[in-house]
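Here is a short report on strand pairing and packing. Have the sequence and the model open alongside.

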Amino acid sequence: MLLIVKIKNIFLCFPFLFFFDADIKNTSEDVPFMINFSQNIPGKYITDIVEDTKFIPLETSDEILIGISKVAYVSDKIIIMYNFRESSIFIFNYEGKIISNFNHRGPGPMEYSGIMGLTYDEVNKEIFVLDLIPRANVYSETGQYKRTLHFPENTKFKEIYNFDEKHLLAYDIYDIGINWNLSTEADKKAIYNKPYAFLSKTDGSITEYVNINLSQRISTLHGSEDKSSQTIRTFGFITCGIIKSGSDFLLTDIASDTTYLLSRNKKLTPLILRTPSVHDKNPQELISATFRTDNYILIRKWLNDSNDAKKFTDYVFDISDNLFYKVKDFNIVDLGEKITRFLYPYPDDCGCDYYDNGVIVNLWQAFDLKIMLEQGQLKGELKNIAMNINEEDNPVLVIIKIK
């Protein structure tokens with residue numbers, strides 16, 4: 001669910017973040033913005049909040065074909081992305097020209113078994129590759145191995161972000177199947193009530209927990225037994241627990257009724273409180289903040305049900321009139337001579353898009369653009385780009401700037 005909240009430099013003072021063993025409970029007096037999903041919600045077009053769109057065709061060569069990749073970092077200098085299936089990492093400049101690429105998947109101590117995610121330290125020019133097992137390898141921009149961070153036992157960090165000179169900010173996912181009878185003692189101990197932690201950039205140890213303790217977690221996996229075939233069918237959904245927002249971070253666990261803002265000086269601010277509680281309904285109505293600018297916060301809602309979990313509802317909230325709106329048309333953004341088809345092109349397959357500094361970034365495959373061109377759906381700059389690429393070429397990077 002996409003919720004957009006207009007904010008003007010709101011920062012509340014909270015104690016320095018050390019973990020203590022208590023649930024954080026907020027009231028409407030504690031939190032600047034409340035959203036009530038039980039009330040009637042008017043509609044709003046997404047075009048009202050989009051300011052501009054930029055397209056960057058990525059260089060193609062016989063050696064550099066990125067396939068279905070995820071954007072991990074974008075600045076006005078470099079673009080970093082990785083391929084899910086092949087576990088390759090690609091670095092382009094802002095004009096879309098390839099700078100470097102490497103693939104260190106393998107069983108060796110300087111390699112990774114796969115890529116869960118990655119983050120980039122632009123000061124030290126280091127790439128932290130989150131492995132499928134509890135560790136992260138650190139490489140230079142050219143792929144030179146530097147060190148390995150070993151995470152504590154029973155952690156399942158799904159996301160890591162560059163936080164400061166010495167720390168990464170990490171999110172510990174909860175993915176124990178709801179209907180499975182598979183729980184071991186290790187599973188029971190790894191309840192993950194403390195989902196957010198600061199990790200040492202030196203060795204991967206947890207140096208501190210963010211002061212959020214959830215007494216109940218919600219699994220991102222469903223499991224049910226198919227008695228006819230004597231198999232267990234699984235269904236999972238992808239959600240982001242951390243969203244980077246300029247120098248701050250949104251912390252948005254699906255089991256929490258409160259979305260928090262974490263600043264670089266480690267101050268935690270309750271930002272949005274939802275009602276009714278996520279735990280009050282069955283199936284649960286899950287929400288996840290996905291984007292924040294000085295003017296807006298975007299939030300997405302869906303049901304925690306294997307039959308309906310792919311049915312998203314997106315919202316826009318503008319705090320200037322203290323109202324939030326259901327998005328009438330989220331897929332089409334028409335800005336004069338520029339048209340973009342998807343803000344979320346592959347939400348079920350690729351997880352979270354890249355969000356930061358007031359922009360949403362994702363990739364459009366060349367073959368999709370060719371189909372859109374043949375169907376007469378393109379115009380302006382994007383039409384010209386589609387006319388000059390082949391369907392086997394690398395994707396076009398789409399940068400959507402939000403007001």
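How many bridges join strand β8 to β9? There are 5, and the two strands run antiparallel.

## Basis

This is a predicted model, in which local features need pLDDT of at least 70, side-chain atom pairs count only at pLDDT 80 or more, and totals for chains, interfaces and linings use all residues. Residues are numbered from 1 along each chain as its sequence is written, and side-chain values use heavy atoms, with hydrogens and water left out.

Helices (H or I, at least four residues) and strands (E, at least two) are DSSP runs, numbered from the N terminus. Strands pair if DSSP finds at least two bridges between them.

## Strand β9 and its partners

β8 covers residues 117-121. A hairpin links β8 and β9, with 4 residues between them. Lys125 sits in that turn and has a positive phi of about 55°. On the other side of the pairing list, β9 joins β10 (residues 135-140) through 5 antiparallel bridges. β9 and β10 also form a hairpin, again with 4 residues between them.

Ile127 is the bridge partner of Tyr120. Ile127 also has Tyr139 of β10 as bridge partner.

## Burial of β9

β9 spans residues 126-130, and 5 of its 5 residues are buried (under 20% relative accessible area, 1.4 Å probe, protein chains only). Glu126, Phe128 and Leu130 point one way; Ile127 and Val129 point the other way. In a regular strand, side chains alternate between the two faces of the sheet.

## An open sheet

Strands β3-β30-β29-β28, in that order, form an open antiparallel sheet. β3 (50-57) and β28 (354-356) are its edge strands, each pairing on one side only.

Key
Buried < 20%, exposed > 50% of the residue type's maximum accessible area, 1.4 Å probe, protein only.
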